[in-house]
Amino acid sequence: MHDGTRTPGFRMSNDFAQFQDAFFEEAGEHLAVVEEGLLELEQHPEDVELLNKIFRSAHSIKGTSGMFGFTDIAQFTHKLETLLDLLRNGQRVVTPQVADLLLRSTDCLKSLMEAAKSGSAIDAETVQRLTSELVVSQGVGLGVLGIEKTKVSGLNSVSPTGRSRVYSISWSPPAWLLQRGLDPLQFFKELHNLGTLSQVAMDTSKLPDLGAMDPEICYLSWTIQLETNKDRKAIEAVFEFVIEDSILQIEDMTVSNSESHVAKASPQHDTQSREVETGDGLPKPLGEILVESGVVSRETLDQALAQQKKVGQILVEQHVVTPQQVEQALQKQRQQESAAQSKKTDTASIRVDTAKIDKLINLVGELVITQSMLSDLGSRFEMQQLPVLLERMVELERHTREIQERVMSIRMVPIGAAFARFPRLVRDLSTKAGKKIQLVLSGEETELDKTVIESIGDPLTHLVRNSADHGLETPEERLDNNKPEVGTIRLNAFHEGGTICITVADDGRGLNRDKILAKALTQGLISESDKPTDDQIWPLIFKPGFSTAEKVTDISGRGVGMDVVKRNIESLGGTVSIKTVKEKGTTFTLKLPLTLAIIDGMTVRIGREAYIVPLLSILESIQPKREAMKTVVGKGELINVRGTFLSMVRLYEVFNLQSEFTDPAKSILLILETEGERVAVMVDEILGQQQVVIKSMEQNFHKVEGIAGATILGDGTVGFILDVRGILEIARRGEAMAV
Amino acid sequence: MSKTALIVDDSPTMRQMVAFTLTNAGFTVFEAEHGKDAVSKVAGGPKMDIVVTDLNMPEMDGIELIKELRKLSAFKFTPILMLTTESALEKKQAGKEAGATGWIMKPFNPDVLLKTIAKVLPA
């Protein structure tokens, strides 16, 4: 019976366990090298240097994984490595089939790695199937499927009887003994550790005349008697490094000889029983044994296995459960699996350049000096020292800011890591959809916060899938439209002000205005009378359940996803915008904050309260004239800013405050912009600009409309940070919110 | 004076593990990423009492490194151990011909590592 699942063996009997995290990180990097290399290899199958690079990475994974007892990984990688070795030696050539097999094996290796990391079950069937595919592709008989045993054993073993024996050892070392850094004395020392040495006789007969002697050559040989309770193997182990090149005779001189036969017989018995064991000591599946003993062929076994039913299927056929119940249970299982996995992988670590840390330590040192100078000054302060005090304060501020920047930079990593998955994705998508697609990546070195990078992977994947499936046309369609046969998807990342822009652009057919409009009308998202502009139509594709794809493909088109993309990006404090030209292509632009923890803010005063407005959203501040103001029924108050009417929000009304001014003409209006929409908010005074650390409202209180978070101000009081989007919503409703 | 050891491996994890074991055993440990790195690090540097090297490495592999080291007078008789996997037995032969003193099969545990080193390290 095939058991489907098997937990990886954790046999950590040594001190190396603490390096496991480092191993996973390194193995992840090697896997990326392998995958990237394989994709490139498809384009340049002749590149031997590339194959060497891939081989080295695979080899590294194999060697290191064995050190942690991850035998599943080590064995599988060994098969992969063997095939790679044949390829780089030119004994096999890289065909598309081989490249595909290698890529699938890399995927399998990835999941094995995940399983090892989280301690969850492995997909034994896939592993086994790929293992046999790898072996078959090597053109080797199936008999070698058996798995090598990994030995981590001590060097000395006690003889079965435990009684001491006398051995006569005669040893003629190879002439080059000394040249390989070996010293005959070492061997005697080791032998001495095993027991008692007696009668050490040196044979000098081969020693030439002094003049003809090369001092680096070993001309000597020895005969030694050793009394020990260790067995012959322990003695051979002493000569491990030279045994193949020496003349070595070990004779058991103990009087009763019958026991030595027993000692000899037992290891043979060992090797026989070993054949039916897998590396981790578990018995092999029945099928494997049958194949190895030649009773059935691999094909017959695979066919039989394919017929094997899953437990759900059997229960459905017996009418014990309905297919829906099984599906629900399966879904639950998957959820539990993924929950378990995400839990395990959440404890992330970050690799930091030591130079960054050294600099930080220096800065902290300087900070401590400034602080001690200040406290010294404070203990005997006199008024005439005020300029000194101010100077010290400036220094303190500079150090603090620099430390903040350095600490933030620790969290910054290049976005290239998030882009790395796309070459493979696009390759798979293009084969699946029968399209020719080239992927162009740029700006991989752009740095942003590690958390942001981790969270944008899925939204980006969705956008790329979307471009490949909906955006780009089939090669025939493209040729008909005078476009190059190969479609292009461009991923680009760059800094713009304090934000990161990531664009996903395709040169496909562009969004279809009529289709979106028609769909929106049937879904009641807009009405005919609205006469929506293009800029209002495109964002409709972000509405939940919205898909205009004529047929649902397995790549995308179920109408779930685009809304999730938007939600994900917004939860990171970013925005998504669309630019599309018919027959020319579509560009999605994601704007993301550099970091989630700190923003540049403008402090404003409303009555006696201080509020923070995100600096990025402020366009300008004005003092309006009375005649620029208007009230329109259903739209609330409007203000004419150089010919454009903007909604005006009285923040003191929104947050129910006592403000100094209720007349807009006396107060100050800030013009704020987000997602291309503008709004004017009324405040009493602008206090100044500062960086603030965002504290979540939801975590400490509850969500308040119009407020994005809170922060601690310089004087120790709490200041609220305006949520510009929320303010826009309030303005759109044309009403004040009662708090 | 403590013994010096040079560890050559392109895998930082492997280097860390070997270095950890040897440091705990009282060695002063030097690390190199590959053969070239090792050669440049030992040039004019401190004398090594033992070298532990991986075989598969970029730039310069372990076999080449052993050959290069044996050419240097300071390394003529220095014990050099190679880290190798069971499946790479043919490498063992190549390593011996290049002048390797011995080998340690991966996977190994700290105990095996230290015992093997004791085996070849002159007192």
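In this predicted model, two helices of chain A meet along a long list of side chains: A:Phe23, A:Ala27, A:His30, A:Val33, A:Val34, A:Gly37, A:Leu38, A:Glu40 and A:Leu41 of α1(A) are in contact with A:Leu50, A:Leu51, A:Lys53, A:Ile54, A:Ser57, A:Ala58, A:Ser60, A:Ile61, A:Thr64 and A:Ser65 of α2(A). Sorted by class, the residues of this contact between α1(A) and α2(A) are eleven nonpolar, six polar and two charged. The geometry can be described in the usual terms, since two packed helices are characterised by the angle between their axes and the distance between the axes. Helix α1 of chain A spans residues 20-43 and helix α2 of chain A spans residues 48-67, and their axes come within 9 Å and cross at roughly 155°. Because angles over 145 degrees count as roughly antiparallel, α1(A) and α2(A) are therefore roughly antiparallel to each other, and their crossing is left-handed.

A second helix pair of chain A can be read in the same manner. Helix α13 of chain A, residues 354-379, and helix α14 of chain A, residues 386-411, have axes that come within 9 Å and cross at roughly 155°; α13(A) and α14(A) are therefore roughly antiparallel to each other, and α13(A) passes α14(A) in a left-handed crossing. On the α13(A) side the residues that take part include A:Leu360, A:Leu363, A:Val364 and A:Leu367, while those on the α14(A) side include A:Arg392, A:Glu395, A:Leu396 and A:His399. By class, the contact of α13(A) with α14(A) comprises 13 nonpolar, three polar and seven charged residues.

Chain A also contains a sheet. Four of its strands form an open sheet, ordered β2-β3-β1-β4, with antiparallel pairing. The edges are taken by β2 (195-203) and β4 (247-252) of chain A, each of which pairs on one side only, and the twist from one strand to the next averages 15°. Within this sheet, strand β1 of chain A (residues 165-172) and strand β3 of chain A (residues 221-228) pair in the antiparallel sense over seven bridges, and A:Ile169 has A:Ile224 in β3(A) as its bridge partner.

Turning to chain B, one finds five helices and five strands, which follow the pattern β-α-β-α-β-α-β-α-β-α when read along the sequence. Of the 123 residues of chain B, 51% count as buried, and among the contacts in chain B with a separation of 6 or more, 61% are accounted for by residues 24 or more positions apart. One strand illustrates the burial: β5(B) is mostly covered, with four of its five residues buried. This strand β5(B) pairs with β4(B) in the parallel sense over five bridges, and B:Trp103 in β5(B) is the bridge partner of B:Met82.

The two chains touch each other through a contact that takes 32 residues from chain B and 33 residues from chain A. On the side of chain B that touches chain A, the elements that give two or more residues are α1 (12-24), β4 (80-85), β5 (102-106) and α5 (110-120) of chain B, so that the paired strands β4(B) and β5(B) appear here again. The element that gives the most to this side of chain B is α5(B), with six residues. By class, the residues of the side of chain B that touches chain A divide into 15 nonpolar, eleven polar and six charged.

Note on methods:
Residues are numbered from 1 along each chain as its sequence is written. Chains are lettered from A and ligands numbered from 1 in the order in which they are written. This is a predicted model: local features need pLDDT of at least 70, side-chain atom pairs count only at pLDDT 80 or more; totals for chains, interfaces and linings use all residues. Two residues are in contact if their C-beta atoms, placed from the backbone, lie within 7 Å. Ala, Val, Leu, Ile, Met, Phe, Trp, Tyr, Cys and Pro count as nonpolar, Asp, Glu, Lys and Arg as charged, and the others, Gly among them, as polar. A residue is buried if 20 or more other C-beta atoms lie within 10 Å of its own, exposed if 12 or fewer, and partly exposed in between; C-beta atoms are placed from the backbone. Two strands pair if DSSP finds at least two bridges between them. Axes are lines fitted to C-alpha atoms, for helices over the stretch in contact, and angles run from 0 to 180 degrees between N-to-C directions. Angles under 35 degrees count as roughly parallel, over 145 as roughly antiparallel, 65 to 115 as roughly perpendicular and the rest as oblique. A crossing is left-handed if the near helix is turned anticlockwise from the far one by less than a right angle, and right-handed if clockwise.
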